Amino acid sequence: MRELALHILDLVENSIRANSSVIEVTVAADQTADRLRIQIDDNGPGLKVTPQQALNPFYTTKSGKRTGLGLSLFKAAAERAGGRLTLERSDLGGLRVLAEMGLRHVDRSPLGDLATSLGSVVCANPHIDFHFRISHDGHETCIRTSELAHELGLPPDDSIALARRVIETIRTELETARGLA
Amino acid sequence: MTRINSPKDLKAVQEKAKKDIDLRSGQKDMRITVHMGTCGIAAGARDVLAALLTELGPATDKVTITQTGCAGLCDQEPMLTLTDKAGGSFRYGRLDKNKVGQIVREHVLRGQPVLEYMIKC
């Protein structure tokens with residue numbers, strides 16, 4: 001995959017399939033330390049296999065399939081950029097996928113269109129409360145979709161208007177994010 | 001997007017969002033499911049969903065957008081499945097944003113399936 005935003009989308013899909021009702025995505029760029037941290041937390045059932053199995057591209061829990069590429073591709077993207085990927089227990093009670101890598105590393109994949117990635121999962125999953133945290137240069141933005149829908153007076157199933165709003169907000173936020181392209 | 005500086009600004013955003021909702025007070029006519037497994041995402045499923053959001057414009061009263069995983073037809077990704085009120089299911093494959101635009105204009109808005117882009121089994 002060409003963009004980190006696509007990896008994020010893929011891992012959020014994993015959390016959705018695990019029946020999570022709360023999913024938190026954190027993208028944090030630290031210019032001083034030259035590190036980029038991407039973290040996906042959920043309140044699903046957590047890992048039912050060992051981390052080694054989960055990261056094996058030829059292991060999947062889905063029937064009828066022989067490969068499970070999502071996590072291993074993200075791990076490769078992190079390692080290529082001088083980083084690593086770890087799986088641990090999330091504060092939310094489910095799984096935490098944590099990837100750290102060099103922010104200015106020559107082989108770091110571009111972040112890509114994060115706004116559309118996150119907007120698309122909001123659009124298709126109105127029943128999930130998504131928390132998005134984006135921080136860069138000491139500035140942090142947090143969006144909670146349940147709160148945003150309430151502020152905008154949207155009914156719970158009006159995911160299209162909510163998704164459009166999330167895309168606009170994140171896109172505006174990232175316009176000012178120096179070095180996070 | 002303009003920054004919200006006052007309750008008045010927030011109210012304006014709310015009014016705009018309400019107009020979006022008023023458009024879709026009736027029963028939805030269709031469900032569009034975008035296949036977003038790893039294969040679909042790598043092939044461009046996100047762009048398909050983004051194109052739907054753009055192309056539907058104010059016509060979002062007609063449809064619900066959902067997502068699902070890999071359908072086992074990875075070579076046909078990115079794909080979407082359109083289910084109509086009568087229970088008919090139409091699976092479109094190898095999509096791009098132009099094809100999505102055509103599907104929205106012809107199938108979603110006029111009820112005419114676009115045979116050319118449907119997956120032949």
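# A walk through a predicted two-chain model

Let us start inside chain A, where the side chains of A:Glu24 and A:Arg133 form a salt bridge, with N and O 3.6 Å apart. This pair links distant parts of the chain: A:Glu24 sits in strand β1 (residues 22–30) of chain A, while A:Arg133 belongs to strand β5 (residues 129–136) of chain A, 109 residues apart. Bear in mind as we go that this is a predicted model.

Are the two partners buried or exposed? A:Glu24 has a relative accessible area of 13%, so this residue counts as buried. A:Arg133 comes to 25% relative accessibility and therefore counts as partly exposed. The general idea behind such pairs is a familiar one: side chains of opposite charge can pair when their charged atoms come close.

Staying in chain A, we can look at another pair. A:Asp91 forms a salt bridge with A:Arg96, and the closest N and O atoms are 3.3 Å apart. Salt bridges that share partners join these two residues with A:Asp41 and A:Glu88 into one network. Within the A:Asp91 and A:Arg96 pair, the surroundings of the partners can be compared using the cut-offs for burial, under 20% for buried and over 50% for exposed. A:Asp91 has 71% relative accessibility, so this residue is exposed. A:Arg96 has a relative accessible area of 14%, which means that A:Arg96 is buried. How many salt bridges does a search of the whole structure find? Over all chains, the search gives 14.

Now for the boundary between the chains. How many salt bridges does the rule find across the interface of chain A and chain B? The answer is 1. That salt bridge is formed by A:Glu3 and B:Arg46, with the closest N and O atoms 2.9 Å apart. A:Glu3 lies in the segment before α1 of chain A and B:Arg46 lies in helix α3 of chain B, so the pair joins two chains. Both A:Glu3 and B:Arg46 are buried.

The rest of the interface gives this salt bridge its setting. Polar contacts between chain A and chain B number 8 residue pairs, counting those with both residues at pLDDT 80 or more. On the chain A side, the elements that give two or more residues are α1 (4–17), α3 (70–80), α4 (114–124) and α6 (159–175) of chain A. Of the side of chain A that touches chain B, α6(A) supplies the largest share, with 9 residues. Sorted by class, that side has 17 nonpolar, 8 polar and 10 charged residues. In total, 35 residues from chain A and 25 residues from chain B take part in the contact. Between them, the two chains bury about 2,600 Å², with 61% of this area on carbon and sulfur atoms.

Let us cross over to chain B. Its secondary structure consists of 4 helices and 4 strands, and along the sequence they follow the pattern α-β-α-α-β-β-β-α. Chain B has 121 residues, and 44% of them are buried. Among the contacts in chain B with a separation of 6 or more, 61% are between residues 24 or more positions apart. The accessible surface of chain B is about 6,400 Å², and carbon and sulfur atoms account for 50% of that surface.

Helix α4 (residues 97–108) of chain B is a good place to see how these elements come together. Which residues of this helix are buried? They are B:Val100, B:Gly101, B:Gln102, B:Ile103, B:Val104, B:His107 and B:Val108. These buried residues pack against β1 (30–35), α3 (45–56), β2 (63–68), β3 (80–84) and β4 (89–92) of chain B. At the start of α4(B), B:Asp96 places a side-chain oxygen within 3.0 Å of the backbone nitrogen of B:Asn98.

Our last stop is B:Thr68, a residue of strand β2 of chain B. Its relative accessibility is 34%, so B:Thr68 counts as partly exposed. Setting aside neighbours within four places in sequence, B:Thr68 is in contact with B:Thr33, B:Val34, B:His35, B:Met36 and B:Gly37. For a sense of scale, B:Thr68 and B:Gly111 are 43 residues apart in sequence and 23 Å apart in space, C-alpha to C-alpha.

Definitions and conventions: Residues are numbered from 1 along each chain as its sequence is written. Chains are lettered from A and ligands numbered from 1 in the order in which they are written. This is a predicted model: local features need pLDDT of at least 70, side-chain atom pairs count only at pLDDT 80 or more; totals for chains, interfaces and linings use all residues. Side-chain values use heavy atoms; hydrogens and water are left out. Contact means heavy atoms within 4.5 Å. Buried area is the accessible area (1.4 Å probe) that two parts lose on being put together, summed over both. A salt bridge is a side-chain nitrogen of Lys or Arg within 4 Å of a carboxyl oxygen of Asp or Glu. A polar contact is a pair of N or O atoms within 3.5 Å; within protein, one must be able to donate a hydrogen and the other to accept it, and residues adjacent in sequence count only if both atoms are side-chain atoms. Ala, Val, Leu, Ile, Met, Phe, Trp, Tyr, Cys and Pro count as nonpolar, Asp, Glu, Lys and Arg as charged, and the others, Gly among them, as polar. Buried means under 20% relative accessible area, exposed over 50%, partly exposed in between (1.4 Å probe, protein chains only). Accessible areas come from the Shrake-Rupley method with a 1.4 Å probe; for residues, only the protein chains shown count as cover.
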